[in-house]
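Work through the following exercises with the sequence and the coordinates at hand, trying each task before reading its solution.

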Amino acid sequence: MAQNLTLRSIEPVTHDTHHLTFDRPEGFTFEPGQAIEMKLQKDGWRDEGRPFTPISLPDAASLEFIIKSYPSHDGVTEQIARMQAGDGVTIEGPFGDMRDRGPGVFIAGGAGITPILALLHKRLKDHGDLSGSTLVFSNKTEADIIRRDELSAMPGLTVAYVVTKGEGKTVPKRRLDRDYLRQFVEPGSLCYLCGPPPMMSAVQSELAALGVDRDDLVADDWS
Ligand SMILES: Cc1cc2nc3c(=O)[nH]c(=O)nc-3n(C[C@H](O)[C@H](O)[C@H](O)COP(=O)(O)OP(=O)(O)OC[C@H]3O[C@@H](n4cnc5c(N)ncnc54)[C@H](O)[C@@H]3O)c2cc1C
């Protein structure tokens with residue numbers, strides 16, 4: 001069933017991402033990690049649905065998103081960056097199979113952190129601590145790292161950041177290849193993965209080479 005939401009606030013997170021907060025409609029629920037389809041209530045855009053993943057918990061009063069804008073696409077996310085409090089959207093869903101299956105190795109690329117952030121929030125709420133879990137978070141540059149302070153401070157979570165472009169001042173520049181991932185992953189490891197399609201397929205091959213079974217991979221494909 002479609003639900004209408006009103007934007008309460010929009011704040012920058014990085015140079016190209018925004019944190020959007022809506023009131024959660026009564027009765028609307030989802031599993032952390034699942035996505036919804038969002039349409040803007042704006043002339044010319046009402047039929048353009050795009051998927052986004054709530055980062056807030058299902059029982060929170062607000063429904064929150066972090067959304068990366070791509071001005072070069074001349075699409076919905078460019079319009080989202082221009083939204084103001086009071087603007088409306090319509091959402092449908094939820095959908096998707098990204099679900100909490102226990103502590104594991106969470107691997108994210110760029111805005112692909114959003115379902116993982118939702119899962120980490122859930123695990124923190126349920127267990128108070130993320131011991132036994134590792135986050136491997138790849139970005140183009142350090143300026144692209146979403147919620148770095150929050151992630152670094154999550155109790156019990158081991159966090160490893162890498163960048164793929166430019167030199168990171170505090171973060172190594174390197175790819176998520178098997179030589180890097182083997183320090184976190186072994187056969188039998190439960191892995192969660194979300195990122196842009198090229199990164200997803202590259203990391204999936206490397207995880208398979210490290211002996212991670214497809215059944216032990218919880219992946220959200222954004223292709
Ligand atoms: C399940 C799921 C959950 C998601 N959750 C989130 C989330 O929580 N946060 C988030 O930030 N993102 C999320 N995404 C990604 C998000 O949905 C896309 O970034 C968004 O749909 C892009 O919409 P757009 O209209 O701006 O651009 P698009 O729909 O990608 O493109 C619009 C047009 O731009 C052109 N175009 C496309 N690619 C390029 C390119 N590379 N260069 C130039 N032009 C191009 C094409 O003509 C295209 O028709 C999620 C995706 C999925 C599948």
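**Exercise 1.** Determine whether Asp74 is buried or exposed, and describe its place and its backbone.

Solution. Begin with accessibility: Asp74 has a relative accessibility of 55% and therefore counts as exposed, given that buried means under 20% relative accessible area, exposed over 50%, and partly exposed in between, with a 1.4 Å probe and protein chains only. Next, locate Asp74 in the loop between strand S5 (62–68) and helix H1 (76–81), where helices (H or I, at least four residues) and strands (E, at least two) are DSSP runs, numbered from the N terminus. Finally, inspect the backbone, where Asp74 has a positive phi of about 50° although it is not a glycine.

The model is predicted, so that local features need pLDDT of at least 70 and side-chain atom pairs count only at pLDDT 80 or more, whereas totals for chains, interfaces and linings use all residues. Residues are numbered from 1 along each chain as its sequence is written, and side-chain values use heavy atoms, with hydrogens and water left out.

**Exercise 2.** Describe the loop between S8 and H3 through Arg147 and Lys140.

Solution. This loop joins strand S8 (134–139) to helix H3 (148–152) and contains Lys140; Arg147 is placed in the loop between S8 and H3. Arg147 has a positive phi of about 50° although it is not a glycine, and Arg147 is partly exposed at a relative accessible area of 22%. For Lys140, the relative accessible area is 43%, which is also partly exposed. As a last step, compare positions: Lys140 and Leu207 are 67 residues apart in sequence and 21 Å apart in space, C-alpha to C-alpha.

**Exercise 3.** Identify which residues have the most contacts inside the largest nonpolar core, and which elements supply it.

Solution. A nonpolar core is a set of buried Ala, Val, Leu, Ile, Met, Phe, Trp, Tyr and Cys residues joined through side-chain atoms within 4.5 Å. The largest one has 25 residues, and those with the most contacts inside it are Ile113, Ile116, Leu120, Leu135, Phe137 and Leu151. Two or more residues each come from strand S7 (105–109), helix H2 (113–127), S8, strand S9 (158–163) and strand S10 (191–195), and H2 gives the most, with five residues.

**Exercise 4.** Find the place of Val185, and state whether Val185 is buried or exposed.

Solution. Val185 lies in the loop between helix H4 (178–181) and S10. With a relative accessible area of 4%, Val185 is buried. The C-alpha atoms of Val185 and Gly211, 26 residues apart along the chain, are separated by 8.6 Å.
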